[in-house]
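Student: I'm new to this structure and would like a close look at a single part of it. Could you take me through how the pieces there fit together?

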Amino acid sequence: MSAPLLEIRRLRAELATRNGPLNMLDDVSFTLDPGRVLGLVGESGSGKSATAFAIMGLLDPPARVVGGSIRFAGRDLLGLKEAEMRRLRGNRIAMIFQDPMMTLNPVLTIGAQIVETVLAHAPVGRAEARRRARDVLGRVGVPGPEERLSCHPHQLSGGLRQRVAIAIALLHEPDLIIADEPTTALDATIQAQILREIRDLVAEHRTAVLWITHDLSVAEDLADEIAVMYAGRVVETGPAAALLRRPAHPYTVGLIASQPQGQRGSRLCSAPLGLT
Ligand SMILES: Nc1ncnc2c1ncn2[C@@H]1O[C@H](COP(=O)(O)OP(=O)(O)OP(=O)(O)O)[C@@H](O)[C@H]1O
Ligand SMILES: [Mg+2]
């Protein structure tokens with residue numbers, strides 16, 4: 001059997017505080033293969049974003065990785081130099097952040113940023129790059145793509161900015177997308193459209209996706225497998241539907257019970273949740 005694309009083993013990270021180090025991540029392990037989607041779920045503060053930032057090499061002081069390993073395509077990411085890590089981030093791993101301004105440059109127009117991304121990845125001229133920029137904006141549900149190209153990020157709503165950031169990640173056609181709650185603030189129709197685009201990307205390019213979410217119905221919808229985090233640990237991993245129907249860990253049971261009714265997908269609602 002070939003090695004997984006992403007393999008995280010016993011990852012630990014600490015947060016320096018005045019009163020000494022705090023455990024931020026304390027035993028995070030999971031693997032992800034090409035063409036698969038892993039949903040990373042867990043209550044607020046459980047370490048989901050910290051895990052994503054650790055993979056991207058973006059965990060900054062006062063936080064730092066203190067143990068374990070992160071292997072990507074056979075390479076040990078924790079041993080890479082910053083320049084090598086930056087190359088990986090530009091090409092093979094793309095992150096969609098909770099805050100789209102982590103991706104977008106405030107001083108450049110949307111068009112300039114998307115066209116630059118297209119040109120960096122495809123041997124096409126400017127006119128074709130602009131056409132592709134309009135096309136990708138349409139695919140993530142941006143109305144009037146042509147007019148948006150000349151806007152700066154601050155002229156767009158938060159939801160539109162997030163869709164532009166997602167469009168840029170799609171254009172990278174990376175091997176791995178790490179998405180940190182990117183659709184939480186979007187309305188249901190747009191969210192569904194973006195999840196469809198992600199599914200297409202996974203099917204067509206065998207992209208692997210680590211999708212962080214509070215919303216278990218999104219996780220069930222999109223993910224092949226789910227990993228549940230609690231207090232810096234992955235406490236349970238398994239096939240998405242089976243894990244949500246028959247959670248083994250009490251924290252998973254609690255997480256399912258804490259989902260707002262309106263957010264539960266119909267399939268999740270019809271699942272036997274009467275666990276005591
Ligand atoms: N820059 C920081 N300074 C201090 N504490 C931090 C920092 N970043 C994260 N933490 C702490 O690290 C722990 C893990 O946080 P993390 O942001 O990974 O949680 P999360 O699961 O992503 O939560 P949420 O669902 O709210 O986004 C939490 O206890 C959090 O308070
Ligand atoms: Mg987070």
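Tutor: Let's start with one pair of residues: Ile 93 has Leu 176 as its bridge partner in β7. Keep in mind as we go that this is a predicted model. That pair belongs to the pairing of β6 with strand β7 (residues 176-180), which is parallel and runs over four bridges. In general, strands of a sheet pair through backbone hydrogen bonds, in either a parallel or an antiparallel way.

Now step back to the whole sheet. It is open, has six strands, and follows the order β6-β7-β8-β3-β9-β10, with mixed pairing. The edges are taken by β6 (93-96) and β10 (233-239); each has a single partner strand, so one side of each has no neighbour in the sheet. From one strand to the next, the twist averages 15°. A helix sits against this sheet too: α10 (residues 250-257) packs on it and touches β3 (37-42), β9 (225-230) and β10. The direction of α10 makes about 100° with that of β9.

Next, follow the helices, with α4 as our guide. To describe two packed helices, you give the angle between their axes and the distance between the axes. Take helix α3 (residues 110-121) and α4: their axes come within 9 Å and cross at roughly 110°. The two are therefore roughly perpendicular to each other, and their crossing is right-handed. On the α3 side, the residues in this contact are Ile 110, Ile 114, Val 115, Val 118 and Leu 119. They meet Arg 126, Ala 129, Arg 130, Arg 132, Ala 133, Val 136 and Leu 137 in α4. Sorted by class, that contact holds nine nonpolar residues, three charged ones and no polar ones.

Helix α4 (residues 126-139) also packs with helix α6 (residues 158-171), at an angle of about 120° and with the axes 9 Å apart. So α4 and α6 are oblique to each other, and α4 passes α6 in a right-handed crossing. Here Val 136, Leu 137 and Arg 139 of α4 meet Val 164, Ala 167, Leu 170 and Leu 171 of α6. By class, the residues of this contact are six nonpolar, one charged and no polar.

One last thing to look for on α4: Val 136 and Leu 137 take part in the contact with α3, and Val 136 and Leu 137 also turn up in the contact with α6.

Notes
Residues are numbered from 1 along each chain as its sequence is written. Chains are lettered from A and ligands numbered from 1 in the order in which they are written. This is a predicted model: local features need pLDDT of at least 70, side-chain atom pairs count only at pLDDT 80 or more; totals for chains, interfaces and linings use all residues. Side-chain values use heavy atoms; hydrogens and water are left out. Axes are lines fitted to C-alpha atoms, for helices over the stretch in contact, and angles run from 0 to 180 degrees between N-to-C directions. Angles under 35 degrees count as roughly parallel, over 145 as roughly antiparallel, 65 to 115 as roughly perpendicular and the rest as oblique. A crossing is left-handed if the near helix is turned anticlockwise from the far one by less than a right angle, and right-handed if clockwise. Contact means heavy atoms within 4.5 Å. Ala, Val, Leu, Ile, Met, Phe, Trp, Tyr, Cys and Pro count as nonpolar, Asp, Glu, Lys and Arg as charged, and the others, Gly among them, as polar. Two strands pair if DSSP finds at least two bridges between them.
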